Amino acid sequence: MADYVIAIDQGTTSTRAIVFDKSGSIVSTGQLEHEQIFPKAGWVEHNPNQIWNNTREVIGQALSKANITRHAISAIGITNQRETAVVWDKTTGQPVYNAIVWQDTRTQDIVNRLAKDGGVERFKKTVGLPLATYFSGTKIVWILENVEGAREKAEAGDLLFGTTDSWVIWNLTGGVNGGVHVTDVTNASRTLFMDLETLQWDDEILAAFDVPKSMLPEIKSSSEIYGHASDDSLLRETPIAGILGDQQAATFGQAAFQQGEAKNTYGTGNFIIFNTGEEIVHSENGLLTTLGYKLGDAKPHYALEGSIAVTGSLVQWLRDNLGMFSSAPEVEALAKTVDDNGGAYFVPAFSGLFAPYWRPDARGALVGLTRYVNKGHIARAALESTAFQTAEVIDAVNADSGVPLTELKVDGGMTANDTLMQFQADILGVPVIRPVVAETTALGAAYAAGLAVGFWSDLDDLAKNWQEDKRWEPNMDSEERDRLYRNWKKAVTKTFDWVDDDVQ
């Protein structure tokens with residue numbers, strides 16, 4: 001048995017390859033950012049070829065930094081931005097259009113059209129999701145209806161669709177020369193097309209969307225050997241043995257394997273996943289029902305998810321669009337120049353509001369401004385918005401599950417921000433806990449792959465690797481907490497009903 005597992009983390013802003021050892025510790029990392037393309041307001045795209053080229057390069061970086069070759073790698077795990085849609089020609093290997101990113105809102109008219117018969121919850125009982133621009137199904141429809149020749153090629157069986165896990169695996173296993181076209185249940189559960197019970201594509205829903213089934217990848221478990229890296233890869237002959245959508249991967253990496261366990265990832269957006277075990281729980285409070293994981297032939301584990309569109313990307317926006325600082329970590333120092341938010345609240349509804357509101361008509365608002373407010377207050381309000389949005393989703397999780405969370409496990413880049421993490425604990429009124437390995441998304445994919453090839457023996461083996469790094473205890477007065485939260489909810493209402501026929 002080789003000494004390591006490598007995970008490819010194809011994220012919203014970058015692609016990384018991370019080598020892990022048996023203890024779940026990071027050995028080396030390769031990382032490259034890719035371009036964020038904004039052709040119009042509300043449109044967000046990536047270049048799939050750039051993503052694939054970056055994937056190959058970061059694999060080389062990670063192997064080189066660890067001073068190892070493919071012979072030291074037992075398996076490859078894949079994790080990815082889940083709802084981002086790529087459609088490509090299987091004979092040429094070329095995308096027919098840029099990848100349409102999960103944040104993109106151009107498909108609202110398609111959502112409205114599909115919702116005319118049965119409303120936005122038309123398919124929710126089957127797929128666990130409302131009709132929304134967030135999910136990849138409507139993005140496929142947009143490409144078929146708006147890219148010249150795409151419909152005809154799709155009907156002829158020449159086009160393939162995949163979230164970025166499928167795109168990377170197809171290329172990694174040979175592309176036009178025998179590439180494997182697969183996805184796992186967690187990614188499939190984010191398309192609007194997969195039946196939660198059968199774990200198969202639903203023919204009636206595909207017919208309603210008018211999407212040819214021939215485009216779709218084969219649905220597999222999250223942990224099995226799907227194929228091997230092709231001969232032209234630095235990882236040639238290494239088995240690809242794990243796939244998990246990024247948020248499910250982070251949950252798996254946090255060792256939240258059992259019913260009632262949960263985690264919150266702080267990334268481009270925030271994503272809370274609550275494990276409901278082998279039971280499908282349909283939310284009454286604006287959460288999504290999704291797949292947690294499925295290991296080989298074992299029964300699937302389901303989850304409730306609270307998806308928040310804009311958290312870390314708000315800090316990027318302050319940096320890139322407003323030039324308030326030159327690097328994202330500087331937001332904390334700026335926020336610490338003031339004692340509070342100065343009465344300002346920042347609701348970053350740049351792509352509408354996701355959970356628990358599901359309001360595509362919302363747009364971002366900075367409210368409560370007076371002459372007193374300075375850029376330190378705005379930086380603080382931006383950080384606080386992440387904690388407030390998380391609190392609203394935790395309220396929904398508590399209501400659906402009937403079992404209030406007593407602590408919150410956290411991961412992702414923003415957990416390095418002590419000011420944010422302390423405010424999160426204060427607003428929730430429960431401890432917030434960060435593990436030693438904060439890169440739990442990549443770790444979860446590595447775990448899934450390692451289990452499939454026997455690198456790790458079972459879930460207990462993985463759970464032993466989890467270690468607490470830091471804990472933030474709440475210390476805010478309950479009256480102050482209630483006041484801030486009440487004002488936040490008031491601020492959220494100011495974002496509603498902005499998009500109409502005059503404003504797109």
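## Helix α13 and its ends

In this predicted model, helix α13 is followed by glycine 429, a residue whose phi is positive, near 75°. At the opposite end, where α13 starts, a side-chain oxygen of asparagine 417 reaches to within 3.2 Å of the backbone nitrogen of threonine 419.

Between these ends, α13 spans residues 418–428 and is mostly covered, with nine of its 11 residues buried. Threonine 419, whose backbone nitrogen is approached by asparagine 417, is itself one of the buried residues. The others in that set are Leu420, Met421, Phe423, Gln424, Ala425, Asp426, Ile427 and Leu428, so that the list includes Asp426 and Gln424 as well as Leu420 and Ile427.

## The seven-stranded sheet

Seven strands form an open sheet with mixed pairing, in the order β15-β16-β14-β13-β19-β20-β21. Its edges are taken by β15 (288–293) and β21 (468–472), each of which pairs on one side only, and the twist from one strand to the next averages 30°. Within this sheet, β14 (residues 270–277) and β16 (residues 301–308) are antiparallel and are joined over seven bridges; phenylalanine 271 has serine 307 of β16 as its bridge partner.

Helix α12 (residues 375–401) packs on this sheet, where it touches β13 (262–266), β14, β16 and β19 (408–411), and its direction makes about 15° with that of β14.

## The pair α10 and α12

Helix α12 also meets helix α10 (residues 312–320), their axes coming within 9 Å and crossing at roughly 160°. The two helices are therefore roughly antiparallel to each other, and their crossing is right-handed. On the α10 side the contact is made by Leu314, Val315 and Leu318, and on the α12 side by Ile378, Ala382, Leu383 and Ser385.

## Threonine 290 on an edge strand

Threonine 290 lies in β15, a strand at the edge of the seven-stranded sheet. Is this residue buried or exposed? Its relative accessible area is 0%, and under 20% counts as buried, so threonine 290 is buried.

Beyond its neighbours within four places in sequence, threonine 290 is in contact with Ser189, Arg190, Gln248, Tyr302, Ala303 and Glu305. Two of these contacts can be described further: the side chains of threonine 290 and arginine 190 are joined by a polar contact of 3.2 Å, and the side chains of threonine 290 and glutamine 248 by one of 3.4 Å. Histidine 301, which is 11 residues away from threonine 290 in sequence, lies 9.1 Å from it in space, C-alpha to C-alpha.

## The six-stranded sheet

A further open sheet, again with mixed pairing, consists of six strands in the order β3-β2-β1-β5-β12-β11. Because β3 (26–33) and β11 (223–228) stand at the edges with a single partner strand each, one side of each is left without a neighbour in the sheet. The twist here averages 25° from one strand to the next. Strands β5 (residues 73–80) and β12 (residues 239–245) run parallel and are joined by five bridges, and threonine 79 has leucine 244 of β12 as its bridge partner.

Two helices lie across strands of this sheet. Helix α6 (residues 164–172) lies across β1 (4–10), β5, β11 and β12, and runs at about 145° to β5. Helix α14 (residues 440–453) lies across β1, β2 (14–20), β5, β11 and β12, and runs at about 135° to β12.

Notes
Residues numbered from 1 in each chain as written. Predicted model: local features only at pLDDT ≥ 70, side-chain atom pairs only at ≥ 80, totals over all residues. Heavy atoms only, no water. Pairing = 2+ DSSP bridges. Helix = DSSP H or I, 4+ residues; strand = E, 2+ residues; numbered from the N terminus. Axes fitted to C-alpha atoms, helices over the stretch in contact; angles between N-to-C directions. Contact = heavy atoms within 4.5 Å. Buried < 20%, exposed > 50% of the residue type's maximum accessible area, 1.4 Å probe, protein only. Polar contact = N/O pair within 3.5 Å; in protein donor to acceptor, adjacent residues only side chain to side chain. Parallel < 35°, antiparallel > 145°, perpendicular 65-115°, else oblique. Left-handed = near helix turned anticlockwise from the far one by under 90°.
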